[in-house]
Structures are given as C-alpha cells and as structure tokens.
Amino acid sequence: MLRLGGLWVLRMRSPAAGVPVKNLGLREVASGISSPGSTSTRALNIFDRDLKRKQKNWAARQPEPMKFDYLKEEVGSRIADRVYDIARNFSLALDVGCGRGYIAQHLNKETVGKFFQVDIAENALKNIIEMEIPTVSILADEEFLPFRENTFDLVVSSLSLHWVNDLPRALEQIHYVLKPDGVFIGAMFGGDTLYELRCSLQLAETEREGGFSPHVSPFTAVNDLGHLLGRAGFNTLTVDTDEIQVNYPGMFELMEDLQGQRQLRREEE
C-alpha cells in the first residue's frame, strides 16, 4: 500500500532588505548537477545521488516508460487540482523533480504563465509530455536548485523529495526561490508506505538470518513534515494525507513495478 503525505503550503513574508523582488534567472554560484561524490555536509547521505540519476535515466529509456507511470500521473493530477483551488494566477512556476511532466500536463496557461521543469535525469527531460503551457526544462539536482532568490510564484513537487539526503536543506532552497506570498504544493511518500512489504521482508530475514537490514528506502513521517516546513521558513501550513491502495498478485509483481518506477528501491538491491 502506498500512503502519500500531501503538503499544501502558503509562504508569507516580507522581502529581505536590499534583495530585488524581480530577480529572474540562474544563480551564478550554483551548479545544476552536483559532481559525483558531492554531498551536503550536514546530512546523513543515505542515497547515492549519481546512482539515482542513472536509475532514473535507465527507467526513462525503457521501451514502455508509461507502463509504470500510473501512480505519478495520479499524484500529478491531484497536485494540479490543488493549484486550481487557489484563486490566483502564477506568472512563473517551478516543478522540482518533474520527471516527464506529470503535473504540468494538467495545468493550463490561464493559471500558469511559464513553467520551469527541473530533474536530475536528462532522459526524463527528453521525454517530457506535451502541454499547452510554455515550459523550460533544466537539468539540475533537487538538492542544489540553481535559481535566484524570490524568483517563482509557485513551486510544486511530486514524489521526488523522498530521495534527497538533506530534506530540510531542500525545503529551505524551495523557500529561497519562492517570491513573498508564493505557494509551495508538494507530495511525497508517507512513513507507512509499503508497510506490508517491509514487514514481510523483516520477518523472513529475521527468521532465516537472526536479524534484518532495510531493503526499502526510508520515508518521512507525516507528523514530522509540519516541523520541517516550519524550520525552512514556511507558514500558513496545511499538511494532509491521501491513501492510494494498489493491489498486486504477489511480491514479485510488486518488485517488478518498483523496479520500473525506480522510485522506492534502495541502491544496493
């Protein structure tokens, strides 16, 4: 079972003194893709980001990448619905970890003027879904956003942030690139995702080996998200949970699906 920790965030603050609000473009000090081995100095580096990029590129090169996109399509549609719930237009929007454009395809140009799509995998960007909004695709790591302060009216993210090694830093960067009164809407897997699979693997390994090691990527508890967002500088927070249940005939069918999505598996498997 997949449990989503949905986030709806409205950021409200005054511009910092001396910082121009109209400050569009890339930060000169930032690099789009981190070099192999580069990590945050304060984070426990659970994921090999270079390997994650290779995995996403591999998934995007498969003959039928859309076969495994049903979950991303569903969540992207739900995030777009949240955007439409806000009665305003967004001149500039950013999708962090866009994949093939699962959110932008559900938006229209009356709501979003221009859409920047960022992903770590170049093959995903090459397979972007056609949409009516003017878009710009940028190869960049979610942990190192190459944009200036106060750039975007809207930032969205769908099923991408659970991979980052330093989630507080990633949220701080999203807060940094948002304009005052900008909106952040995102979704990530909640802490109870794949609970049945994790329990089964732990019980089987404990019985045979006398102990167990994790075989599924860790997830952030929904109760912790509000605290992390507050630390990053967001306010007027709404955090809720959606539950999407997907049934499989057996564990091997589930593992095949996870491999095709390259969303939840640990690198060493």
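**Strand 6, helix 4 and Gln117**

Strand 6 (residues 178-189) is largely enclosed by the rest of the structure, because ten of its twelve residues are buried (under 20% relative accessible area, with over 50% counted as exposed and values in between as partly exposed; 1.4 Å probe, protein chains only). Helices (H or I, at least four residues) and strands (E, at least two) are DSSP runs numbered from the N terminus. The model is predicted: local features need pLDDT of at least 70, side-chain atom pairs count only at pLDDT 80 or more, and totals for chains, interfaces and linings use all residues. Residues are numbered from 1 along each chain as its sequence is written, and side-chain values use heavy atoms, with hydrogens and water left out.

Strand 6 pairs with strand 5 (residues 152-158) in the parallel sense over six bridges; pairing requires at least two DSSP bridges between two strands. Within this pair, Ser157 is opposite Gly186 of strand 6. The connection from strand 5 to strand 6 passes through helix 4 (residues 167-177) as a right-handed β-α-β crossover (clockwise from the first strand over the helix to the second, with the strands pointing away from the viewer).

Helix 4 is also largely enclosed by the rest of the structure, since eight of its eleven residues are buried. Among these are Leu167, Leu171, Ile174 and Val177. The cover over the buried residues of helix 4 includes strand 2 (90-96), strand 5, strand 6 and helix 6 (222-232).

Gln117 belongs to strand 3 (residues 112-119) and is buried, with a relative accessible area of 0%. Leaving aside residues up to four places away in sequence, Gln117 touches residues including Asp95, Cys98, Leu125 and Ile138, where contact means heavy atoms within 4.5 Å.
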